[in-house]
Amino acid sequence: MRNKIIGKIAVAGALLATTSLAQAEDVEVLHWWTSGGEAAALNVLKDDLQGQGYGWIDMPVAGGGGEAAMTTLRARVTAGDAPTAVQMLGFDILDWAEEGALANLDSVAAKEGWDAVVPQALQAFAKSDGHWISAPVNVHSTNWVWANKAILDELGIAQPTTWDEFIAAMEAVKASGKTALAHGGQAWQDATIFDGVVLSAGGTEFYKTAFIDLDMDALGSDTMLEVFNRMTTLRSYVDDNFSGRDWNLASAMVINGEAAFQIMGDWAKGEFLNAGKVPGDDFLCFRVPGSEGAVSFNSDQFAMFSVSSEGGQAAQGAMAAAIMSPSFQSAFNVVKGSVPARTDVPNDAFDACGKQGMAELAAAASAGTLVGSIAHGHANRAAVKNAIYDVVTAHFNGEYDAATAVEELVNAVEGAL
Ligand code: GAL
């Protein structure tokens, strides 16, 4: 009898342990990877973790650039219900760390040697007060153009190498009746174009002075006028239905041959690959003409919100370690369109655009021409970023002419500081 009872207690105890372990070992992941290419890349991560026995609770919040995801995150944290792991960008990570909300990842970072392999530019956002607070999964960059090769061939257009050639190419496409520039009129997409245009019109030093140092003279300069003039020019090459269109639908226009070009971060490549397209054969990737040599980057990182249970912490540690493993960094970034967040990953598995991106990232890091993306939270805190969004978008939608946009930019940034 006694043995039976003990047996029952043991079984119940074991069950309890299994149940709590199973619950504890789930990770709930908040992210905004909902397009076809993004979902394919996310599956690489999901499969990796599930293969190690960790459950995945998906918390997708659609909306490119992650603004909606960050709103949801704030609401969840306010309600005392933070997800375990969250996709985040740049200064948002540092803000959450300063609020004391993020788990310390030092032990997994030390064990896996992150300090030696993660570039300084990424560590600036993955560490707070000298402690690791997020695991960088990739490096994207925004000053890219994606082009439909068949359209260019048909119209006899060579890959443009200067801003003027780029405009001439778009003019020729427009004259043919096709859309020259596929674009979605959403503030973050307008700002993504702006990253490349600032680099193209002003160069890296100007970009840094105006948008990293927030020098008011640079923000109000003639060079900035040229930036907005170029934005006005680009505006004349989008189709009538651009307003509100999602970025991946703009990519689809280039993929399907409705449009010739899209200026977008290299997550766009994930859409081309997901559609079975091959770089060099079906599409071309090149830097926004005039911005060659410079790289405006953003790095998706996973920050872990502090949890008290040991199982939860173990799952977070396992996720962080999985994200940073070299083989995962290769497998994931090949699909995502980005490049690895560590410097020791071989480029063998990457296509031509990926190899180019890896080489250019390394070159820009050593030449001092690697700059944080304005549009994707790597140049400024959210208040300044949003102030810039407002002006860029208002100008793109014709509310301001270029000269007014320059004045408004100075006012908006000053007001947000
Ligand atoms: C970026 C993010 C990319 C991609 C893109 C569009 O902010 O870094 O990974 O998801 O938004 O959603």
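I'll start with a loop: D129 is found between β4 (127-128) and β5 (131-132). Please keep in mind that this is a predicted model. D129 is not a glycine, yet its phi is positive, at about 55°. Is D129 buried or exposed? With a relative accessible area of 76%, D129 is exposed, because the cut-off for that word is over 50%.

There is a second residue of this kind. L214 is also a residue other than glycine with a positive phi, near 55°. L214 lies in the loop between α10 (187-212) and α11 (216-219). Its relative accessible area is 14%, so L214 counts as buried, the limit being under 20%. To put the two side by side: D129 is exposed, whereas L214 is buried.

Now the open spaces, beginning with pockets. The largest pocket holds about 310 Å³ of space. Its lining is made up of 20 residues, and M70, D92, A382, K385 and N386 are the ones nearest the centre. Which elements give two or more residues to that lining? They are α3 (67-78), α4 (90-98) and α18 (382-396). The most comes from α3, with 5 residues. By class, the lining has 6 nonpolar, 7 polar and 7 charged residues.

Why do we place this pocket between two domains? Both domain 1 (22-140 + 298-355) and domain 2 (141-297 + 371-416) contribute residues to the lining, so the largest pocket lies between them.

The second largest pocket has about 190 Å³ of space. Its lining consists of P119, V339, P340, R342, T343, V345, M358, L361, A362, A365 and L370. Helix α17, residues 352-367, gives the most to this lining, with 4 residues. The classes here are 9 nonpolar, 1 polar and 1 charged.

Next, the cavities. How many cavities of 30 Å³ or more does the structure hold? There are 3. About 100 Å³ of space lies in the largest cavity. It is lined by 15 residues, of which W32, E38, G65, W267 and H376 come closest to its centre. By class, that lining divides into 6 nonpolar, 6 polar and 3 charged residues. Domain 1 and domain 2 each supply at least three residues to the lining of the largest cavity.

The second largest cavity has about 50 Å³ of space. Its lining residues are V139, H140, S141, W144, D266, R287, V295, V339, G357 and L361. The elements giving two or more of these are β7 (140-141) and α17. The lining has 5 nonpolar, 3 polar and 2 charged residues. Domain 1 and domain 2 both contribute to it, so the second largest cavity also lies between them.

Some names come up again here. V339 and L361 line the second largest cavity, and both are also in the lining of the second largest pocket. W144 and R287, too, are in the cavity lining. These two are in contact of a particular kind: the charged end of R287 sits over the ring of W144, 3.7 Å from the ring centre.

That brings me to the aromatic residues. The count comes to 18 aromatic pairs. One of them is F91 with F125, an edge-to-face pair with 5.2 Å centre to centre and 80° between the planes. Where in the chain are the partners? F91 is in helix α4 and F125 in helix α7 (residues 120-126), 34 residues apart, and the pair links distant parts of the chain. F91 has 17% relative accessibility and counts as buried. F125 is buried as well, at 7%.

W163 and F166 form another edge-to-face pair, with 5.8 Å between centres and 75° between the planes. Here the partners are 3 residues apart in helix α9 (residues 163-176), which means they are separated by about one helical turn. W163 is buried at 9% relative accessibility, and F166 is buried at 0%.

Finally, ring pairs also build a cluster, which links W33, F302, F328 and F332.

Definitions and conventions:
Residues are numbered from 1 along each chain as its sequence is written. This is a predicted model: local features need pLDDT of at least 70, side-chain atom pairs count only at pLDDT 80 or more; totals for chains, interfaces and linings use all residues. Side-chain values use heavy atoms; hydrogens and water are left out. On a 1 Å grid over the protein atoms alone, a cavity is a set of points where a 1.4 Å probe fits but cannot get out, and a pocket is an open set with protein on both sides within 12 Å along at least five of seven lines; lining residues have an atom within 4 Å of a point. Grid points are joined across faces, edges and corners, and a volume is the space filled by probe spheres set on the points. Ala, Val, Leu, Ile, Met, Phe, Trp, Tyr, Cys and Pro count as nonpolar, Asp, Glu, Lys and Arg as charged, and the others, Gly among them, as polar. Domain bounds come from an automatic or database domain assignment. Rings of Phe, Tyr and Trp (its six-membered ring) pair if their centres lie within 6.5 Å; planes under 30 degrees apart count as stacked, over 60 as edge-to-face and the rest as tilted. Buried means under 20% relative accessible area, exposed over 50%, partly exposed in between (1.4 Å probe, protein chains only). A charge sits over a ring if NZ of Lys or CZ of Arg is within 6 Å of the ring centre and within 35 degrees of the ring normal.
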